[in-house]
Amino acid sequence: MNARERRTVEAITAHLAHARQVPGPGELARVVGTASGASGCALTVAGVRHQWGDGAGPWLEHPVRYDGEDQGVLAVSPDSAGPLTAVAAVLGAPVAIARLEAETGRLRDTGDAAARALAEDRWRAAVEMEAERRGLERDLHDGAQHHLVALRMAISVAEHAGGETDGPESPLPALLTRLDNAERVLVDTASGVLPVALAAEGLAGALDAELAGDGDVLLDIDGLRRRYPPPVESAVYFSCLEAVNNAHKHAPGADVTVIARDSHGGLEFAVADTGPGFTAPVRNSGLHNLSTRVAAVGGRIEISSVPGRGTAVRGFVPH
């Protein structure tokens, strides 16, 4: 050990003895560089280089070991400021502590990031589950309810008409058919399956299958000749059914017109009734469902009503 190295070792030992806590790699590099007369000194610990000074010449490196394991790398510049064997030996313990602190901090950050990612995944899953639940709720409300409303109206007609229950004029076959349709829609909706006609024939076929048999509904879909993305067709289909349901519930006996057609900018649709109308928008879950459903595919809904002249629901979904 030459005189310069001895002075450096003594300086490091004195600094460690008087320090209130183990110096960090940057502070150790400063002490070594100052004591050795180097223009630059660096300690690389846990892959991070902590440098003091600029380093005016070639760098001399030496591993820092403790308990038989490499803990870091000591480098001085110029290389004439070495040798570093004794200095590296003195730095073994504090550099080992610095390495453990750095790795502990890295593990802590990784654990925190993993915990945040897990929390975000759980939040995202909860949001997606809620969205699915609300979507299922809307589909049940807009789809199956159409059949249930029609069934209730048919039962009321049968109740007031009286008569035979097993003859050719019996309303029971029609009622049973409506019950079967309602059951089918409920099962398909709960399973996340689109109506067969909607999936196979598009919006025009689905509207015809659902509404053509309603005596008080006039269906105008001759202008609907093209197919649209499934989310768009589904949104418009269920919106039309919901609007018809609202007309049946709030304007019983009124004529209802359903229009759907292609336009140069997208898909237009409207449901209008000849009922009593209203003077101001009512707080109605069905109206909210319409707006939410159509907005989800980039469309918009307008609802207008004049007392004594009925209500119209008009929608548009752009290409």
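1. A residue counts as buried when its relative accessible area is under 20%. By that criterion helix H6 is mostly covered, with 17 of its 21 residues buried. The model under review is a predicted one, and the points below apply to that prediction.

2. Overall content. The protein chain holds 7 helices and 9 strands. It has 319 residues, and 38% of them count as buried. The exposed surface of the chain comes to about 17,800 Å², with carbon and sulfur atoms supplying 56% of that area. Of the contacts between residues at least 6 apart in sequence, 62% join residues at least 24 apart.

3. Geometry of H6. This helix covers residues 230-250, and its end C-alpha atoms lie 30 Å apart. The span agrees with expectation, because 21 residues at 1.5 Å a residue should also give 30 Å. H6 lies across S5, S6, S7 and S9, and its direction is at about 10 degrees to S7.

4. The sheet under H5 and H6. Five strands form an open sheet in the order S5-S6-S7-S9-S8, and the pairing is mixed. Its edge strands are S5 (217-220) and S8 (300-305), each of which pairs on one side only. From one strand to the next the twist averages 10 degrees. S5 and S6 run parallel and are joined by 4 bridges; within this pair, leucine 218 has threonine 257 of S6 as its bridge partner. Helix H5 lies across S5, S6 and S7, and runs at about 165 degrees to S5.

5. The largest nonpolar core. This core has 31 residues, and the members that touch the most others are Leu207, Val236, Tyr237 and Val258. Two or more residues are given to it by each of H5 (196-211), H6, S6 (256-262), S7 (266-273), H7 (285-295) and S9 (311-318). H6 makes the largest contribution, 9 residues. Which residues does leucine 207 touch, not counting those up to four places away in sequence? They are Ala212, Leu219, Ile221, Tyr237, Cys240 and Ala260. Apart from the largest core lies another, of 20 residues, including Leu43, Leu84, Ala86 and Ala98.

6. The S1-S2 hairpin. S1 and S2 pair in the antiparallel sense over 6 bridges, and threonine 44 stands opposite arginine 49 of S2. The hairpin has 2 residues between its strands. Alanine 46 sits in this loop, between S1 (40-45) and S2 (48-53). Its phi is near 55 degrees, a positive value in a residue other than glycine. Is alanine 46 buried, partly exposed or exposed? Its relative accessible area is 21%; because buried requires a value under 20% and exposed a value over 50%, alanine 46 is classed as partly exposed.

7. A second positive phi outside glycine. Aspartate 67 also has a phi near 55 degrees and is a residue other than glycine. It belongs to the loop between S3 (60-66) and S4. Aspartate 67 counts as exposed because its relative accessibility, 71%, is over the 50% limit. A check of the backbone at alanine 46 and at aspartate 67 would start from these phi values.

8. The cis peptide. Where does the chain contain a cis peptide bond? The bond from serine 77 to proline 78 is cis, with omega near 0 degrees. Proline 78 is placed in the loop between S4 (69-77) and helix H3 (85-161).

9. Helix H2 and its end. H2 comprises residues 25-36, 12 in number, and reaches 16 Å from its first C-alpha to its last. That is close to the 16 Å expected at 1.5 Å a residue. Its buried residues are Pro25, Leu28, Ala29, Val31, Val32, Gly33 and Ser36. As general background for reading such a list, an α-helix has 3.6 residues a turn, so residues three or four places apart point the same way. Just after H2, glycine 37 takes a positive phi of about 75 degrees.

Note on methods. Residues numbered from 1 in each chain as written. Predicted model: local features only at pLDDT ≥ 70, side-chain atom pairs only at ≥ 80, totals over all residues. Heavy atoms only, no water. Buried < 20%, exposed > 50% of the residue type's maximum accessible area, 1.4 Å probe, protein only. Contact = heavy atoms within 4.5 Å. Areas by Shrake-Rupley, 256 points an atom, 1.4 Å probe, with all protein chains shown as cover. Pairing = 2+ DSSP bridges. Expected span 1.5 Å × (residues − 1). Core = buried A, V, L, I, M, F, W, Y, C linked by side-chain atoms within 4.5 Å. Axes fitted to C-alpha atoms, helices over the stretch in contact; angles between N-to-C directions.
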